[in-house]
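Reader: I am new to this one, could you walk me through it?

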Amino acid sequence: MSGDVPAGHTTGQAGPPTGQAGATAGPATGERRVIEQRGLYFDELEEGALYAHRPGRTVTEADNVLFTTLTMNTQALHLDAAWSAGQPFGQRLVNSMFTLATMVGQSVSQLTQGTIIAQLGLTDVSFPHPLYPGDTLYTETVITGKRLSSSRPGQGIVTMEHTGRNQDGTVVALAKRSCLMWTREAHPGQPGGAGEGTIPV
């Protein structure tokens with residue numbers, strides 16, 4: 001389903017080097033269209049659709065230790081291999097806050113990159129199964145609802161459910177999320193479908 005939605009948009013603003021992958025030839029006037037990677041606007045998000053985010057993220061021991069120490073989490077289940085070996089899971093667990101942050105992060109390039117105004121909240125966060133160092137996290141998102149804001153013209157509230165799975169398909173994390181999103185027409189500085197932006201070459 002994710003292939004049915006646009007992956008980028010055109011802009012008249014200066015952007016990455018024009019030789020980047022994905023740029024397409026512009027009109028025969030010596031100008032080139034620039035296609036900038038972004039997420040989806042409120043009006044492009046499809047309610048009920050499942051967006052599968054790729055690539056996955058293989059989590060290393062170094063990721064786990066670094067994130068845990070950066071966030072001042074002294075939990076031995078993430079840091080002490082010898083102690084963790086005697087606990088019910090028999091080994092260290094990936095910090096669940098890292099799992100949550102990565103699950104949300106994996107959705108950004110496909111859904112909210114440059115099109116979100118603010119994250120409003122996360123609810124119903126759960127971790128049904130541990131993620132271990134060496135596991136690969138894959139995330140998918142279902143858009144569960146969307147409505148235009150009654151007080152902020154050109155903006156809308158989108159609710160989504162993230163599911164994180166390991167390489168075996170086992171669910172390791174779940175979260176419901178709400179975001180304030182731009183509509184394409186209202187986003188400042190965007191062409192808004194009125195025409196394709198070009199830059200001289």
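Author: What follows covers the sheet and then one helix. This is a predicted model, in which local features need pLDDT of at least 70, side-chain atom pairs count only at pLDDT 80 or more, and totals for chains, interfaces and linings use all residues. Residues are numbered from 1 along each chain as its sequence is written, and side-chain values use heavy atoms, with hydrogens and water left out.

Reader: In what order do the five strands of the open sheet come?

Author: The order is β4-β6-β7-β8-β5, with antiparallel pairing; strands (E, at least two residues) and helices (H or I, at least four) are DSSP runs numbered from the N terminus, and two strands pair if DSSP finds at least two bridges between them. At the edges are β4 (50-58) and β5 (116-126), each of which pairs on one side only.

Reader: And which helix packs on the sheet?

Author: That is α4 (residues 96-112), which touches β4, β5, β6, β7 and β8 (171-182), contact meaning heavy atoms within 4.5 Å.

Reader: Changing topic, which residues of helix α1 are buried?

Author: In α1 (residues 61-70) they are D63, N64 and T68, where buried means under 20% relative accessible area, exposed over 50% and partly exposed in between, with a 1.4 Å probe and protein chains only. Because these buried residues cover an arc of only 115 degrees around the axis, they lie on the same side of α1, the arc being that of the directions from the helix axis to the C-beta atoms.

Reader: What covers them?

Author: The cover includes β4, α2 (76-79) and α4, while A62, L66 and L70 are exposed on the other side of α1.

Terms used. Axes fitted to C-alpha atoms, helices over the stretch in contact; angles between N-to-C directions.
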